[in-house]
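Q: I would like to learn how to read a sheet in a protein model. Where do I begin?

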Amino acid sequence: MRLMSEFTEYGLAIETGERNREESQRAEIPRWQPPAPGSLKINVDGAFDAGRGRGGVWLVLQDEMGQLQKIVAIPITNTPSAELVEALGFRRAASYARDG
């Protein structure tokens, strides 16, 4: 009886996961939006290696035409999480936007 109950729960979990996947596949994919003319847009991406406690952040600057203006790669060491790597990336992007 217990095996049947677990099998039923497993089946429901798979069904729910498939339904969620179908719904997410139907969701509209966000497209890149250009900045205002004369401005630059900074996109931030990061990577993290938990085993080594380090990662990196990339800042990609584009103009209103989508033309690449600059890429900045920033190594980050002695960090405990991917979230902190991303947060440091946004902090660097804000500093870059402020100071140039």
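The dialogue below goes through confidence, strands, turns, a helix and a surface patch.

Q: What kind of model is this, and how are its residues numbered?
A: This is a predicted model, in which local features need pLDDT of at least 70 and side-chain atom pairs count only at pLDDT 80 or more, while totals for chains, interfaces and linings use all residues. Residues are numbered from 1 along each chain as its sequence is written, and side-chain values use heavy atoms, with hydrogens and water left out.

Q: What average pLDDT does the protein chain have?
A: pLDDT is the predictor's confidence in each residue, from 0 to 100. The protein chain averages 80, and 73% of the residues score at least 70. Over residues 1-7 pLDDT stays under 50, and the model has zero contacts (heavy atoms within 4.5 Å) for them beyond four places in sequence.

Q: In what order do the three strands form the sheet?
A: Strands of a sheet pair through backbone hydrogen bonds, either parallel or antiparallel. Strands (E, at least two residues) and helices (H or I, at least four) are DSSP runs, numbered from the N terminus, and two strands pair if DSSP finds at least two bridges between them. Here the open sheet has the order E1-E2-E3, with antiparallel pairing. E1 and E3 (68-76) are the edge strands, each pairing on one side only.

Q: How many bridges join E1 to E2?
A: Nine bridges join E1 (residues 41-49) to E2 (residues 54-62). Val44 stands opposite Leu59, Gly46 has Val57 as its bridge partner, and Ala47 has Gly56.

Q: How many bridges pair E2 with E3?
A: These two strands pair over eight bridges. Val60 is partnered by Ile71 of E3, and Trp58 by Ala73.

Q: Which residues have a positive phi in the hairpins?
A: In the hairpin of E1 and E2, with four residues between the strands, Gly53 has a positive phi near 65°. The hairpin of E2 and E3 has five residues between its strands, and Gly66 in that turn has a positive phi of about 85°.

Q: Which strands does helix H2 lie across?
A: Angles run from 0 to 180 degrees between N-to-C directions of axes, which are lines fitted to C-alpha atoms, for helices over the stretch in contact. H2 (residues 82-99) lies across E1, E2 and E3, at about 150° to E1.
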